[in-house]
Amino acid sequence: MSVETKRGIVVAGREMPEFRRIGVEPLTGACGAEITGVDLRSPLSEDVLHEVMAAFEHFLIILFRDQDISNEQHRAFSRYFGELTELPQAPTYGGYTDMQEVRREAHEPVTVVPFTKFHTDSPFLERPPLCMVMRALDAPKYGGDTAFANMYLAYEELSDGFKETLSRLRVVYSGRDIWSKNAKLDKDKQLRLRESHSFTEEQLESVHPAVRSHPRTGRKALFVTPSYFKRFEGWNEEDSRGLLDHLAHLPHKLQYQCRVRWKPNTLIVWDNRFLQHCGIHDYKDERRHLVRTTIIGERPI
Ligand SMILES: [Fe+2]
């Protein structure tokens with residue numbers, strides 16, 4: 001994407017592009033930026049869209065406040081990023097098979113929402129999601145942020161020898177057993193999963209490289225996450241566990257992170273390929289309701 005860089009300001013590990021049509025305020029030095037001057041109720045002009053996409057590629061999370069949009073406007077904006085998809089496990093929203101919701105009612109325990117640890121979404125698919133476009137309908141007054149970690153930075157700081165080892169590894173991800181595992185839990189500990197879907201068993205398991213590259217820039221990032229992880233290809237589960245535990249610790253380093261504080265009508269787009277994320281359930285007795293679309297990504301390379 002050819003947007004000029006602002007000389008000298010390095011953020012998210014690269015020189016920051018210069019933006020003329022939109023306001024861009026980085027959230028931290030690692031990832032994320034708040035965008036201003038854009039109204040998502042209307043189609044974006046070509047030059048504004050170009051800068052929004054440049055901000056997305058650079059910061060991996062772009063955040064917009066006060067976007068009181070309809071489901072149709074949400075879906076229309078999402079299509080700038082690619083083709084929308086349904087997911088086999090995530091509950092749908094609003095009667096659309098290609099919208100999902102993350103909902104925890106005020107009386108519900110934290111266990112109702114999946115993955116409160118760092119993860120990427122749906123890595124078991126052959127083409128895991130490129131990004132999500134998520135909007136808050138209800139958010140706790142305080143707490144309930146989502147944290148993100150930049151996995152380019154996590155990879156780039158590894159030693160050369162370790163990078164070399166990781167470059168040869170592939171990971172088996174599978175979503176086949178999540179329903180049967182969930183059914184075995186006590187009722188009050190069960191996740192809210194989608195009850196039926198039309199995906200085949202084959203579509204619920206894939207093998208992906210442990211280090212993936214951006215298809216345009218070639219920049220590399222770690223693509224290992226504990227959710228849906230089965231093993232490294234050619235390794236057994238016990239051998240895999242030690243290395244997985246080490247890699248799963250990396251997104252916890254503060255220097256790779258930003259946090260998004262939700263308010264009603266906050267909308268974010270986050271890159272699911274090169275970030276890991278987790279919801280922070282540090283609140284009680286309040287409703288948190290986020291709705292989203294999911295955009296299909298490329299097969300990881
Ligand atoms: Fe997630």
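Here is a chat about a predicted model, going from its helix α1 to its iron ion.

Reader: Let's start with helix α1. How far apart are its end C-alpha atoms, and why does that agree with its 14 residues?
Author: Helix α1 covers residues 46-59, and each residue should add 1.5 Å. That puts the expected span of its 14 residues at 20 Å, so the helix agrees with a distance between its end C-alpha atoms of 20 Å.

Reader: Is α1 largely enclosed or largely open, and how many of its residues are buried?
Author: Have a look at who is on the buried list: Val48, Leu49 and Val52 are among them, but so are Glu51, Glu57 and His58. The helix is largely enclosed by the rest of the structure, because the buried count, out of 14 residues, is 11.

Reader: Which residue just after α1 takes a positive phi?
Author: Most residues other than glycine have a negative phi. The one to spot here sits in the loop between α1 and β5, and it is buried, because its relative accessibility is 1%. It isn't a glycine, yet its phi is positive at about 70°: it's Leu60.

Reader: Where is Asn265 found?
Author: Asn265 is not a glycine either, and it has a positive phi of about 70°. As for its place, Asn265 is in a loop, the one between β15 and β16 (267-271).

Reader: On to the rings! How many aromatic pairs does a search of the whole structure find, and what sort of pair do Phe64 and Phe77 form?
Author: The whole-structure search gives 11 aromatic pairs. In the pair of Phe64 and Phe77, the ring centres are 5.8 Å apart and the planes are at 85°. Planes over 60 degrees apart count as edge-to-face, so the name for the pair of Phe64 and Phe77 is edge-to-face.

Reader: How many residues apart in sequence are the parts that this pair ties together?
Author: Phe64 belongs to strand β5 (residues 61-64), while Phe77 belongs to helix α2 (residues 71-78). Both Phe64 and Phe77 are buried. Because one ring is in the strand and the other in the helix, the pair ties together parts whose separation in sequence is 13 residues.

Reader: Is Tyr80 buried or partly exposed?
Author: Tyr80 also pairs with Phe77: their ring centres are 6.0 Å apart and their planes are at 75°, so this pair is edge-to-face. Phe77 has 2% relative accessibility, so it counts as buried. Tyr80 comes in at 30%, which means that it counts as partly exposed.

Reader: Which residues form one aromatic cluster?
Author: You've already met a few of them: Phe64 and Phe77 make a pair, and Phe56 is one of the buried residues of α1. The full cluster is Phe56, Phe64, Phe77, Tyr80 and Phe81.

Reader: Which ring does the charged end of Arg219 sit over?
Author: There are two charge-and-ring cases to look at here. The charged end of Lys163 sits over the ring of Tyr155, 5.4 Å from its centre. For Arg219, the charged end is 4.3 Å from the centre of the ring it sits over, and that ring belongs to Tyr152.

Reader: Now the strands. Which residue in β5 stands opposite Glu34?
Author: Strand β3 (residues 23-26) runs antiparallel to β4, and 4 bridges join them; across that pairing, Glu25 has Glu34 as its bridge partner. Strand β4 also pairs with β5, in the parallel sense, over 2 bridges. In β5, the residue opposite Glu34 is Leu63.

Reader: What are the edge strands of the open sheet with the order β15-β9-β17?
Author: This sheet has 3 strands with antiparallel pairing. Between β9 (residues 146-150) and β17 there are 5 bridges, with Thr146 standing opposite Gly279. The strands that pair on one side only are the edge strands, β15 (257-260) and β17 (275-279).

Reader: Last one: what are the protein donors of the iron ion?
Author: Along the chain, the donors follow the spacing H-x1-D-x155-H. The first H and the D are both buried: His119 counts as buried because its relative accessibility is 4%, and Asp121 because its relative accessible area is 9%. Lying 2.1 to 2.2 Å from the iron ion, the donors are His119 (NE2), Asp121 (OD) and His277 (NE2).

Technical notes
Residues numbered from 1 in each chain as written. Predicted model: local features only at pLDDT ≥ 70, side-chain atom pairs only at ≥ 80, totals over all residues. Heavy atoms only, no water. Expected span 1.5 Å × (residues − 1). Buried < 20%, exposed > 50% of the residue type's maximum accessible area, 1.4 Å probe, protein only. Phe/Tyr/Trp six-rings, centres within 6.5 Å; stacked < 30°, edge-to-face > 60°. Lys NZ or Arg CZ within 6 Å of the ring centre and 35° of its normal. Pairing = 2+ DSSP bridges. Donors = N, O, S within 2.8 Å, 3.2 Å for Na, K, Ca; no water.
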